[in-house]
Amino acid sequence: MYVAVDLIVSAVEGLSPSVLAFCLVAMFIAAFIRGFTGFGSSLMWVPSLSLVLPPVAVVPITFLLEVLISLQLAPTIRKEADWPSLWRIWIGALVGVPIGLALIASVPADITRAAVALTVIVAAVILWRGTRLSGTFSTPATAGVGAAAGFLTGAVGIPGPPVFLYYLSTPLDIRVARASIMAYILGAGILGCVFASMRGMLDGDAVVRALLLFPIVLVGTYLGSRAFGKADPERARRWALVVLIVMGATLLFRVLYTAFQ
C-alpha cells in the first residue's frame with residue numbers, strides 16, 4: 001500500500017490542484033469527442049497536457065490511454081472496420097513510430113510543443129474543409145499514410161492525423177471510417193507503448209498518471225459513444241474541430257510567449 005501511495009505522490013508531484021483540475025476537464029472533453037467521432041482525443045490530450053508537462057512525458061501517457069479506451073470499443077471495431085486498408089496502414093506505422101520516438105527524445109520540449117500545435121491546427125483545418133477522395137489509395141500509398149501517421153505518433157504523440165484525413169475523405173460509410181480510425185489508434189497505441197518501453201520513456205510515473213486519468217476518460221468515452229447517432233454528427237464534428245484549433249493555438253501562443261521572454 002505504501003509503495004502505491006509513493007508512486008501516486010511521485011506521479012503528481014509538482015502539479016497544483018488547479019493544474020490537475022485543468023487536466024481532468026481537458027481529458028474528459030477529449031474523451032467525449034473521441035467516443036462520439038472515433039478520433040480527436042490525442043489531438044486534445046497532447047496539447048492540453050503539454051501546457052503543464054514536457055511532451056516527452058505526455059506521449060507515453062497518451063499511448064496508454066489510447067490503448068485502454070480503444071479496447072472497450074473492440075466489438076465495434078472488429079465488426080465495422082475496413083481491415084484490408086488497415087493492415088497496409090499498420091505496416092507503414094511500424095516503420096514510422098520508432099523514427100518519431102527517436103526524434104522526440106532528442107529535440108527540445110518547446111520545439112516539440114510547437115510541432116504538436118501546428119500539427120493539431122493544420123489537421124483540424126483540413127478536416128474542416130471536408131476534402132473528399134474519389135476512391136481509395138493503392139497499397140504503397142496507403143502504407144505511406146501509415147508511415148506518416150506512425151511518425152507523428154512517435155514524434156508528437158498524436159496517433160493519426162493522416163489516417164483521420166484518409167478515412168474521413170474516402171467514399172467509405174461514416175461508421176466504417178469511424179471504426180477503422182479507432183482500430184488504427186488501438187494498433188498505433190500498442191506500437192507506441194512497445195517502442196516507448198524499449199527507449200525507457202514508459203516509466204512508472206507515466207503508468208500511474210495514465211491510470212489516475214483513465215476513470216474520467218472512460219466516462220467521457222462512454223457518454224460520447226452513447227451520444228453518437230443521437231445528435232447531428234456534422235455539427236458535433238465541427239464543434240470538435242473548433243475546440244482542437246483553439247487548443248492548438250493556445251499551445252502555440254505559449255511556446256511563442258516563452259521564446260520571447
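Okay, let's start with one residue, Leu256, which is partly exposed, with a relative accessible area of 43%. You'll find Leu256 in helix 12, the stretch covering residues 233-259. Where does Leu256 sit relative to Asp110? In sequence, 146 residues separate Leu256 and Asp110, yet C-alpha to C-alpha they are 8.9 Å apart in space. Before I go on, keep in mind that this is a predicted model.

Now let's step back to the whole chain. What is it built from, helices or strands? We have 12 helices and 0 strands. So if you read along the sequence, the pattern just goes α-α-α-α-α-α-α-α-α-α-α-α. There are 261 residues in the chain, and buried ones make up 49% of them. As for the outside, the accessible surface is about 11,700 Å², and carbon and sulfur atoms account for 72% of that. And what about contacts along the chain? Take those between residues at least 6 apart in sequence: 85% of them join residues at least 24 apart.

Next up, helix packing. Two packed helices are described by the angle between their axes and the distance between the axes. My opening example is helix 4, residues 55-71, against helix 11, residues 204-227: the angle is about 45° and the axes are 9 Å apart. That makes helix 4 oblique to helix 11. The crossing there is right-handed. If you want to look at the residues, helix 4 brings in Ala57, Pro60, Ile61, Leu64, Leu65, Leu68 and Ile69. Across from them, helix 11 offers a set including Ala206, Val207, Ala210, Leu213, Phe214 and Val217.

Another pair to look at is helix 6 with helix 8, which is residues 139-156. Their axes come within 5 Å and cross at roughly 35°. This crossing is right-handed too. Who makes the contact? From helix 6, the residues include Ser85, Gly92, Ala93, Gly96 and Gly100. From helix 8, among them are Ala143, Gly146, Ala147, Gly150 and Gly154.

Let's stay on helix 6 and talk about rings. A pair of aromatic rings is described by the distance of the centres and the angle of the planes. The structure holds 4 aromatic pairs. One of them is Trp83 with Trp87, a tilted pair at 6.4 Å centre to centre, with 40° between the planes. Why are those two about one helical turn apart? Because they're 4 residues apart in helix 6, residues 83-104. Trp83 also pairs with Trp90: the ring centres are 6.0 Å apart and the planes are at 55°, so that pair is tilted. Put together, ring pairs link Trp83, Trp87 and Trp90 into a cluster.

Last thing on this cluster: which of its tryptophans are buried, and which are exposed? Trp87 counts as exposed, at 52% relative accessibility. Trp83 is partly exposed, with a relative accessible area of 28%. And Trp90 is buried, at 17%; the cut-off for buried is under 20%.

Conventions: Residues are numbered from 1 along each chain as its sequence is written. This is a predicted model: local features need pLDDT of at least 70, side-chain atom pairs count only at pLDDT 80 or more; totals for chains, interfaces and linings use all residues. Side-chain values use heavy atoms; hydrogens and water are left out. Buried means under 20% relative accessible area, exposed over 50%, partly exposed in between (1.4 Å probe, protein chains only). Contact means heavy atoms within 4.5 Å. Accessible areas come from the Shrake-Rupley method with a 1.4 Å probe; for residues, only the protein chains shown count as cover. Rings of Phe, Tyr and Trp (its six-membered ring) pair if their centres lie within 6.5 Å; planes under 30 degrees apart count as stacked, over 60 as edge-to-face and the rest as tilted. Axes are lines fitted to C-alpha atoms, for helices over the stretch in contact, and angles run from 0 to 180 degrees between N-to-C directions. Angles under 35 degrees count as roughly parallel, over 145 as roughly antiparallel, 65 to 115 as roughly perpendicular and the rest as oblique. A crossing is left-handed if the near helix is turned anticlockwise from the far one by less than a right angle, and right-handed if clockwise.
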